[in-house]
Amino acid sequence: MTKLTHGVLLIAEPFMGDSNFERSVILLCEHNSQGSFGFVLNQTSELQLGDLIKNNVYPDITVNFGGPVQRDTLHFLHTVPDMVPGGLEIQKNLYWGGDFDKMLEKLNLGLIAINDIKFFIGYSGWGEGQLELEIKRNSWIVSKSSSNNIMKNSKEYWRESLKEMGGDFKVMANYPTDPRLN
């Protein structure tokens, strides 16, 4: 089993039964004895960046649904630490957060490409021991991730992640959402 640590993916089991996370892929950004924190990578919201930040040159950037916790907070992942200082390295060439004002300045100047940044409203969080319990109950599959895949927007990311794992997971990627309809 892949070790629970920042930078791994949590892939929802096909029949999880939780509408917040159905067919979700979550990037784990922090995991310690007090709990865990991450972002859903494959659920977009109806919000655009311009809905949340005024005077933004790039108002049409899609904001993703990061999870059901604190939906009034805005977070971002990026691959440009030289332009956005202060970010926490999640994995090689992938950072969470940093100097928000610098990021907006560089984004508005066109120095940060759309493919180098991803925004989230809210986040996914677990209290002490909660995520480990959910994994024991087979709610999540833990997998290594690649920053190349994380930054692209794909509603098929759940299926793609399972196929990439191969074996039984490749078969699981083709399970219907509701097996009763098969």
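How far apart are the mean positions of the positive and negative charges of the chain? In this predicted model, the 17 positive and 22 negative charges have mean positions that sit 5 Å apart.

Now for the overall build. The chain has 182 residues, and a compact globule with that many would have a radius of gyration near 16 Å; the chain comes out at 17 Å, so the two agree. Put in a box along its principal axes, the set of C-alpha atoms takes up roughly 50 × 40 × 30 Å. Counting up the secondary structure gives 6 helices and 10 strands. Of the 182 residues, 47% are buried. The accessible surface adds up to about 9700 Å², and carbon and sulfur atoms account for 47% of that surface. As for who touches whom, take the contacts between residues at least 6 apart in sequence: 61% of these link residues that are at least 24 apart.

Strand 1 is a good place to zoom in. This strand covers residues 9-12, and it pairs with two other strands, strand 2 and strand 10. With strand 2 (residues 25-32), the pairing is antiparallel and runs over 3 bridges; here Ile-11 has Val-25 as its bridge partner. With strand 10 (residues 140-143), strand 1 is also antiparallel, this time through 4 bridges, and Leu-9 faces Ser-143 across the pair. What about the two faces of strand 1, then? Both are covered. Leu-9 and Ile-11 are buried on one side, while Leu-10 and Ala-12 are buried on the other.

The loops that lead into these partner strands each hold a backbone oddity. Most residues other than glycine have a negative phi. Arg-23, however, has a positive phi near 55 degrees without being a glycine. This arginine is found in the loop between strand 1 and strand 2. Asn-138 is another non-glycine residue with a positive phi, about 60 degrees in this case, and its loop runs between helix 3 (130-136) and strand 10.

Are these two residues buried or exposed? Arg-23 has a relative accessible area of 11%, and since buried means under 20%, Arg-23 counts as buried. Asn-138 has a relative accessible area of 54%, and because exposed means over 50%, Asn-138 counts as exposed. So one positive-phi residue, Arg-23, is buried, whereas the other, Asn-138, is exposed.

Notes. Residues numbered from 1 in each chain as written. Predicted model: local features only at pLDDT ≥ 70, side-chain atom pairs only at ≥ 80, totals over all residues. Heavy atoms only, no water. Rg over C-alpha atoms; globule rule 2.2 N^0.38 Å. Buried < 20%, exposed > 50% of the residue type's maximum accessible area, 1.4 Å probe, protein only. Contact = heavy atoms within 4.5 Å. Areas by Shrake-Rupley, 256 points an atom, 1.4 Å probe, with all protein chains shown as cover. Lys, Arg positive; Asp, Glu negative; His and termini not counted. Charge placed at Lys NZ, Arg CZ, Asp CG, Glu CD. Pairing = 2+ DSSP bridges.
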